[in-house]
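Open the model in a viewer and keep the selection panel at hand. The stops below are given in the order in which to select them.

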Amino acid sequence: EFRRVLFRSIQAKHIQGLDAFRALAVLFVLLGHGIEGAPAWAPWVAPLASLGVKLFFVLSGLLITRLLLDEIDRKQSIDLVRFYRRRFGRLMPAFYLYLAVAIGILLVRGKPVPWDAVGSAMLYVTNYYQAFNGAPTHIVSHCWSLAVEEQFYVIWPLLLTWVMRHRWRPERALAIAIVSIWAWRLGLVLFTDTPEAYLYRALDTRGDELSMGCLLAVLTRQPAWQERIAGWLRTPGLIPVAIGLLYASTTLFGGDRLARFGIAFIVDTLLIGVLLLSASVAATHGQGWIARLLNQTTLVRIGHVSYFMYLFHGLIMHTSMRLIERWTGSFALGLVGAIALVYLAARVSFITFETPMRRWITGSAH
């Protein structure tokens with residue numbers, strides 16, 4: 001019975017719990033960046049920003065692969081033009097709106113525009129630009145993660161098409177890719193002086209997280225693996241234990257290169273995969289506080305607009321935090337108020353700009 005519940009949860013048209021999962025990811029990023037102004041809390045909260053990005057990566061791999069496999073089941077092929085058009089319609093409107101607003105603000109204020117970095121962002125190669133040139137804070141410094149995802153969106157459908165055409169088993173190809181990235185990253189840590197900017201931002205060192213999401217999408221379609229995964233997920237106390245381990249890994253291993261990139265990044269990827277599947281089952285059929293949290297309306301709505309919130313949070317948060325803190329005398333109120341403003345801006349953009357633009361680009365009424 002649990003296996004059937006797991007299968008229905010993951011293969012449903014809309015996977016419950018994942019919007020809340022996406023919301024938690026973006027809130028971790030906002031909290032992690034916002035708390036940097038509170039030294040007492042920063043060591044325990046700031047690393048959540050990195051964890052939020054990891055959650056996004058695994059989730060993206062799962063969702064995109066599920067869509068691609070569904071299309072293969074229906075048509076025995078992938079319409080690459082349609083796929084890229086849909087990705088363009090989903091990602092580009094908010095991104096280029098952000099660039100226009102951010103560059104406009106710098107020009108109005110008479111500040112220099114980092115045109116080289118902006119160019120790398122427009123070409124979705126910010127991750128490698130920063131890997132080789134450093135990662136100073138500016139208007140597109142956070143776009144490295146968008147570059148990782150966009151590179152994945154370009155490469156993975158082509159690879160999956162090739163794998164299916166040659167009748168390879170995709171789960172084996174993905175497992176080989178994941179282990180290869182682990183070995184590659186560990187080798188860079190142990191035998192080279194590769195800068196952390198590269199280890200943290202390059203697709204070839206972060207692709208295991210995206211590939212793990214892809215692997216979950218593949219395995220949860222196979223009855224034999226459904227049975228195995230269902231057995232693992234029935235482990236008592238799995239979710240709180242996984243959350244505790246993930247938090248400990250995120251906050252305790254930031255200083256040592258080997259512990260962070262060689263061990264913690266591997267453990268984190270596995271734990272996030274467990275939590276993703278557990279969240280889907282809990283949100284769909286569970287009871288108690290976990291199910292209520294994952295189905296909480298506000299979190300679900302935040303998940304819908306998490307992309308805009310990630311893009312614009314730097315422009316909106318820091319100034320609004322300072323103003324609210326000055327008015328109220330409370331750092332906490334400043335942080336919460338700033339996050340609320342980011343969310344409100346995201347809702348307005350989603351309704352009035354992004355959704356109409358996406359429908360126009362994709363030619364879809366939905």
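In which helix is the place of L258? Select L258 and the answer is helix α14. The model is a predicted one, as is everything computed from it on this tour.

**Stop 1: a nonpolar patch**

Keep L258 selected and colour by accessibility. L258 has a relative accessible area of 35%, so it is partly exposed. Now add L186, L190, F191, I263 and V267 to the selection: together with L258 they make a nonpolar surface patch of about 550 Å². Two elements give two or more residues each to this patch, α9 (170–191) and α14 (257–285).

**Stop 2: F261**

Stay on helix α14, where F261 is also found. Is F261 buried or exposed? The relative accessible area of F261 is 1%, so this residue counts as buried. Select R206 as well and draw a C-alpha to C-alpha distance: F261 and R206 are 9.9 Å apart in space, with their positions 55 residues apart in sequence.

**Stop 3: the second largest pocket**

Next, display the pockets. The second largest pocket has a volume of about 1,100 Å³. Its lining counts 44 residues, and to find the centre select H33, T137, S141, H142 and H313, the closest to it. Elements that give two or more residues to this lining include α2 (18–34), α4 (48–75), α10 (196–201) and α13 (238–252). Helix α14 from the earlier stops is also one of these elements. Which element gives the most to the lining? That is α17, with eight residues; the helix spans 306–328. Colour the lining of the second largest pocket by class and there are 22 nonpolar, 14 polar and eight charged residues.

**Stop 4: the cavity**

Switch from pockets to enclosed space. Rolling a probe the size of a water molecule over the atoms shows where empty space is left. How many cavities of 30 Å³ or more are there? The count comes to one, and the largest cavity has a volume of about 40 Å³. Select G89, R90, F350, E354, T355 and R358 to show its lining. The elements that give two or more residues to this lining are α5 (80–108) and α18 (331–362). The largest share, four residues, comes from α18. By class, the lining of the largest cavity divides into three charged, two polar and one nonpolar.

**Stop 5: salt bridges**

Now show charged side chains. Side chains of opposite charge can pair when their charged atoms come close. The count for this model is nine salt bridges, and three of the pairs are worth a selection here.

- Select D19 and R22: their side chains meet in a salt bridge at 2.8 Å, N to O. Both residues lie in helix α2, three residues apart, about one turn of the helix. D19 counts as buried, at 8% relative accessibility, and R22 also counts as buried, at 18%.
- Select K75 and E71: this salt bridge is at 4.0 Å, N to O. Both residues lie in helix α4, four residues apart, about one turn of the helix. K75 counts as partly exposed, at 43% relative accessibility, whereas E71 is buried, at 5%.
- Select D73 and R221: the N to O distance in this salt bridge is 2.2 Å. The pair links distant parts of the chain, 148 residues apart, with D73 in helix α4 and R221 in the loop between α11 (203–219) and α12 (223–233). R221 counts as partly exposed, at 22% relative accessibility. Add D70 to the selection: D70, D73 and R221 are linked in a network of salt bridges.

**Stop 6: two backbone angles**

Finish with the backbone. Most residues other than glycine have a negative phi, and most peptide bonds are trans.

Select Y124, in the loop between α6 (115–122) and α7 (126–133). Phi of Y124 is near 60 degrees, a positive value in a residue other than glycine. Y124 counts as buried, at 8% relative accessibility.

Then select R167, in the loop between α8 (144–165) and α9. R167 is not a glycine, yet its phi is positive, at about 60 degrees. Is R167 buried or exposed? At 76% relative accessibility, R167 counts as exposed.

Note on methods:
Residues are numbered from 1 along each chain as its sequence is written. This is a predicted model: local features need pLDDT of at least 70, side-chain atom pairs count only at pLDDT 80 or more; totals for chains, interfaces and linings use all residues. Side-chain values use heavy atoms; hydrogens and water are left out. Patches are made of residues with over 30% relative accessible area and no salt bridge: like charges are joined within 9 Å, nonpolar side chains (Val, Leu, Ile, Met, Phe, Trp, Tyr) within 5 Å. Accessible areas come from the Shrake-Rupley method with a 1.4 Å probe; for residues, only the protein chains shown count as cover. Buried means under 20% relative accessible area, exposed over 50%, partly exposed in between (1.4 Å probe, protein chains only). On a 1 Å grid over the protein atoms alone, a cavity is a set of points where a 1.4 Å probe fits but cannot get out, and a pocket is an open set with protein on both sides within 12 Å along at least five of seven lines; lining residues have an atom within 4 Å of a point. Grid points are joined across faces, edges and corners, and a volume is the space filled by probe spheres set on the points. Ala, Val, Leu, Ile, Met, Phe, Trp, Tyr, Cys and Pro count as nonpolar, Asp, Glu, Lys and Arg as charged, and the others, Gly among them, as polar.
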